[in-house]
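Thank you all for coming; I would like to spend a few minutes on the aromatic side chains of the structure on the screen, taking the ring pairs one after another.

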Amino acid sequence: SPWATIQGTIDRYEVKFGDTIIVKEGTYTENINVTKQLHLYADNGAEVTVVANDPADHVFEVSIDNVSIYDFNIYGAVGPGIAGIYLGPGVDNCIINWNRIGLDAANLNNIGLLLDNARNNEITGNEIVATDSGISLVSSDDNDIFDNTASDSATGINLAASSGNVIYTNNFFN
């Protein structure tokens, strides 16, 4: 059934821009390409809703504005430049809150969150463990990044050619 996977649900013609998808607890082994303006929520939280993927691709790849991703446990994006959550070029006004990214020690992500030429996004309350960078902004301006924790990464937050970002009350350590 196409409703059995997150990607299958997103791709259904019945799912329209602005809809909310509540994901039931379980482990979903898939790459999620978000191409509709949707709100994605884990029904019972990150402790019981896991999304893991092909290690050579982003777990969540967002290619459209106004997407929300809340309360998932995300891991397995281990390839170079690959992230647990990737906001692609021109993606604006997204909300990425309360996710546990890379907390499975055997299946980390290379980069926890990667914003690539993305603007006006809110990144709040995420717990991140990554081998390279917890949060990475590349040519990304005017984002709000607060109350996140990134640990055991080579870099807690990486800002490359980015300006106007508001970054406060984050914890980056180890």
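**Aromatic pairs**

In this predicted model, the structure holds four aromatic pairs. Let me begin with Tyr70 and Trp98, whose ring centres are 5.2 Å apart and whose planes meet at 35 degrees, so that this pair is classed as tilted, given that stacked pairs need planes under 30 degrees apart and edge-to-face pairs need over 60. Where do Tyr70 and Trp98 lie? Tyr70 belongs to strand E7, residues 68-70, while Trp98 sits in the loop between strand E10 (95-97) and strand E11 (100-101), and the pair therefore ties together parts that are 28 residues apart in sequence.

As for accessibility, Tyr70 has a relative accessibility of 10% and counts as buried, because the cut-off for that class is under 20%, whereas Trp98, at 48%, counts as partly exposed.

Turning now to Phe146 and Tyr168, these two residues form a stacked aromatic pair, with 5.0 Å from centre to centre and 5 degrees between the planes. This pair, too, links distant parts of the chain, since Phe146 is in strand E15 (residues 144-146) and Tyr168 is in strand E18 (residues 166-168), 22 residues apart. Phe146 is buried, with a relative accessible area of 17%, and Tyr168, with 39%, is partly exposed.

Finally, I would like to return to the tilted pair of Tyr70 and Trp98, and to ask which residues the ring pairs link into a cluster. The cluster is made up of Tyr41, Tyr70 and Trp98.

Technical notes
Residues numbered from 1 in each chain as written. Predicted model: local features only at pLDDT ≥ 70, side-chain atom pairs only at ≥ 80, totals over all residues. Heavy atoms only, no water. Phe/Tyr/Trp six-rings, centres within 6.5 Å; stacked < 30°, edge-to-face > 60°. Helix = DSSP H or I, 4+ residues; strand = E, 2+ residues; numbered from the N terminus. Buried < 20%, exposed > 50% of the residue type's maximum accessible area, 1.4 Å probe, protein only.
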